[in-house]
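Colleague: Got a minute to go through this model with me? I have a handful of quick questions.

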Amino acid sequence: MRSTAEARRAVLLDRAVSVFARNGYHATPVTAVAAAAGISEAYALRLFSGKLGLFVAAVEACYERILATLEAAAERAEGQGPQQLLESLGDAYAELIGDRDLLLLQVHAQSVSDVPEVGAAVRAGYKRLVHFLRAAGAEDRQIQHFVAYGQLCHLIVTAGLDNTDNMDESWARALTDGMRHVS
């Protein structure tokens, strides 16, 4: 059985992903995250050693969720060759970033990765991803393409390039053609 502090920490972390996703690290006060979790700001700060600790923990939770989703997709795709496996993982990731909060938190984290602790969390997330993909049999060039396509998915979703109005534009079609993701 989890302690009250552990349970509150999990709820606060879940809400932090959503609240930080809306406004980013710098524009989000801890009071907003605490209010969304139904706890006091003082308690939130105590659970995570401040705003930076809370944001970093949210980023780490984001990468944990990504890896758990990819691991589950890899299990379902067992026996496929590396290229087919990467396509299955790409499909799983595309579904995952249908959760706009998860997507936007990644974008915000990358935008403040000049903050040493945030940069370290982002790099650690990608390091785990690369190790996972290598263990799944992907070569470095395939990993590079996988991550690049993931970033392109971020752009398509955040900029609304898959909007039907943009689909009449050849420049938008050039970026979205053949891309699979949840809108």
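Colleague: Trp171 first. Buried or exposed, or in between?

Modeller: Trp171 counts as partly exposed, because its relative accessibility is 44%. The cut-offs: buried is under 20% relative accessible area, exposed is over 50%, and partly exposed is in between, with a 1.4 Å probe and protein chains only.

Colleague: Where is Trp171 placed?

Modeller: In helix α9, residues 170-176. Helices are DSSP runs of H or I with at least four residues, strands are runs of E with at least two, and both are numbered from the N terminus.

Colleague: Which residues make a nonpolar surface patch with Trp171?

Modeller: Leu155 and Leu175 join Trp171 there, and the patch is about 270 Å². Patch residues have over 30% relative accessible area and no salt bridge; nonpolar side chains (Val, Leu, Ile, Met, Phe, Trp, Tyr) are joined within 5 Å, like charges within 9 Å. Areas come from the Shrake-Rupley method with a 1.4 Å probe, and for residues only the protein chains shown count as cover.

Colleague: Ground rules, please.

Modeller: This is a predicted model: local features need pLDDT of at least 70, side-chain atom pairs count only at pLDDT 80 or more, and totals for chains, interfaces and linings use all residues. Residues are numbered from 1 along each chain as its sequence is written, and side-chain values use heavy atoms, with hydrogens and water left out.

Colleague: Now the fold. How many helices and strands?

Modeller: Nine helices and zero strands.

Colleague: What is the radius of gyration, and what would a compact globule have?

Modeller: The protein has 18 Å, which agrees with the value near 16 Å for a compact globule of 183 residues. That radius is taken over C-alpha atoms, and the globule rule is 2.2 Å times the number of residues to the power 0.38. The C-alpha trace spans about 50 × 40 × 30 Å along its principal axes.

Colleague: What about burial and surface?

Modeller: Of the 183 residues, 39% count as buried. The protein exposes about 9,900 Å², with 52% of that supplied by carbon and sulfur atoms.

Colleague: And contacts across the sequence?

Modeller: Take contacts with a separation of 6 or more: 63% of them are between residues 24 or more positions apart. Contact means heavy atoms within 4.5 Å.

Colleague: Switching to charges. How many salt bridges?

Modeller: Four. The rule is a side-chain nitrogen of Lys or Arg within 4 Å of a carboxyl oxygen of Asp or Glu.

Colleague: Which one has Glu64 in it?

Modeller: Glu64 pairs with Arg128, with the closest N and O atoms 2.9 Å apart. This pair links distant parts of the chain: Glu64 is in helix α4 and Arg128 in helix α7 (residues 116-135), 64 residues apart. Glu64 is partly exposed at 39%, and so is Arg128 at 37%.

Colleague: Any others worth listing?

Modeller: Asp14 and Arg15 meet in a salt bridge at 2.7 Å, N to O. Another joins Arg134 and Asp140, whose closest N and O atoms are 2.9 Å apart. Arg134 is partly exposed at 42%, and Asp140 at 46%.

Colleague: Loops next. Where does Thr28 lie?

Modeller: In the loop between α1 (4-27) and α2 (30-37). Thr28 counts as buried, because its relative accessibility is 1%.

Colleague: What does the Thr28 side chain have by it?

Modeller: A polar atom of that side chain lies 2.5 Å from the backbone oxygen of Gly24. Leaving aside neighbours within four places in sequence, Thr28 is in contact with Val19, Phe20, Asn23, Val33 and Lys51.

Colleague: And Ser49? What is its phi?

Modeller: Positive, about 55°, although Ser49 is not a glycine. Most residues other than glycine have a negative phi. Ser49 is in the loop between α3 (41-48) and α4 (51-76). At 70% relative accessibility, Ser49 counts as exposed.

Colleague: Last one, His154. Buried or exposed?

Modeller: Buried, because the relative accessibility of His154 is 3%. His154 lies in helix α8, residues 140-158. Not counting residues up to four places away in sequence, His154 touches Tyr93, Ile97, Leu103, Gln106 and Val107.

Notes. A polar contact is a pair of N or O atoms within 3.5 Å; within protein, one must be able to donate a hydrogen and the other to accept it, and residues adjacent in sequence count only if both atoms are side-chain atoms.
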